[in-house]
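The following exercises concern a ligand and its surroundings, and then a pair of aromatic rings. Please study the sequence and the structure before working through each solution.

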Amino acid sequence: MTDTSPSFLLLDAARGLPVSRTPVWLMRQAGRYMPEFRAIRQKVDFLTLCNTPELAVEVSMQPIDQLNVDGAIIFSDLLIPAQAMGGDLEYVKGEGPVIHNPVRTEADVKNLRAPHPQEASPALGEAIALLVKAVEPRIPVLGFTGAPWTTAAYMIEGGGSSHYRYIKTMMYHEPALFDRLLEHISGVLIQYLDYQARSGARLVQIFDTWAGALSLADYRRFALPTTQRVIQGFKALQPDVPLILYVNNSNHLLEATAEAGADVLSLDWRVPLGEVPTRVGAEVSVQGNLDPCLLFGPASGVEQGVKDVLASWKSPTRHIFNLGHGILPETPVENVKRLVEWVKEYGQH
Ligand code: CP3
């Protein structure tokens, strides 16, 4: 596929090739902070939105049209594969995702399905193909999935969690069962990422939103091996598709996350970008890492924040500008627009 690829800033920066300026996209760039998104959500529920290709593409396109970012992430959710494995998933207003049949016992693990991604999520492949038609050759499409640990956390906890009591109970009490569950999940996620690449995604991102709740030793024991497995498995199938690994709240895990084998490490704002080459070497690219809450402050603070993040990365390539976590609902759209403009202005090389 590489021979015929148009040139994309995002891919060049991920691969460490020269770029004329730092590319920018934003995690959760489609979402409730945009009135156009809320207007669609008034008419359809969240899962219908994810499962209707035309609507998913319309929502994926909203930030492309309005912000002029350098990448189009497909609109979907991290919990779609958990649902395909048998999770009784519901998005409860005000509460976020809930899985009504959490995985807690050996029988629960045995009963999990190993879905064929195209059969389980036909809308996702269709949506990616449609989105590619809408945005290429201007910008590339990104696919994504959760990391095994974060996916397992939702499946075991049954939803959001503040202490991760159930997943940690299984880890410490029944480590062999936990390992089997993560093996199962990682096999599913490799196929799911490959399916997105075959449908037209030119980069993929793995979100490990919750692994920052682990100590370094537990991250190495319980999360890193299956993240590595997903990355190796995906790379064996799609050697030309760069892979971004995002681990939230991970300053204490940086050296370990770098061993996962991703092309790009997506970092939260607690990690000074300038430390990355000395801590993990110069062969990795970085993505990030403005604090999304800075967007709630005055425009002058956003401008300074953009300059500071750009100045913290010394190499002329290997940096994709992004936030340190997803855009929050109620973020002022004007500040998001300016943010992208400033990255394009101050990120010229
Ligand atoms: O980035 C994008 O624009 C693509 C879309 C995207 C969504 N979820 C849409 C969404 C992506 C990449 C995700 C990933 C995702 N989903 C993550 C990892 C990202 C991160 O922030 O770390 C996580 C943890 C989830 C699980 C999930 N889905 C939660 C916790 C929620 C509730 C969030 C909330 O703010 O209420 C969702 C629902 C969800 N996924 C929404 C969106 C736009 C809000 C849905 C709505 O109410 O309209």
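**Exercise 1.** State where the ligand sits.

*Solution.* The ligand sits in the largest pocket. On a 1 Å grid over the protein atoms alone, a pocket is an open set of points with protein on both sides within 12 Å along at least five of seven lines. A molecule sits in a pocket if more than half of its atoms lie within 2 Å of its grid points.

The model is predicted: local features need pLDDT of at least 70, side-chain atom pairs count only at pLDDT 80 or more, and totals for chains, interfaces and linings use all residues. Residues are numbered from 1 along each chain as its sequence is written, and side-chain values use heavy atoms, with hydrogens and water left out.

**Exercise 2.** Identify the polar side-chain atoms that lie close to oxygen or nitrogen atoms of the ligand, within the limit for a polar contact (a pair of N or O atoms within 3.5 Å).

*Solution.* Step 1: an N or O atom in the side chain of Arg 41 is 2.7 Å from a ligand oxygen. Step 2: for Asp 77, a side-chain N or O atom is 2.8 Å from a ligand nitrogen. Step 3: His 325 places a polar side-chain atom 2.8 Å from a ligand oxygen.

**Exercise 3.** How are the rings of Phe 37 and Phe 75 arranged?

*Solution.* Step 1: the whole structure holds 10 aromatic pairs (Phe, Tyr or Trp rings, the six-membered one for Trp, with centres within 6.5 Å). Step 2: the ring centres of Phe 37 and Phe 75 are 5.7 Å apart and the planes stand at 50°, so this pair is tilted; planes under 30 degrees apart count as stacked, over 60 as edge-to-face and the rest as tilted.

Definitions and conventions
Polar contact = N/O pair within 3.5 Å; in protein donor to acceptor, adjacent residues only side chain to side chain. 1 Å grid on protein atoms, 1.4 Å probe; cavity = no way out; pocket = protein on both sides within 12 Å on 5 of 7 lines; lining within 4 Å.
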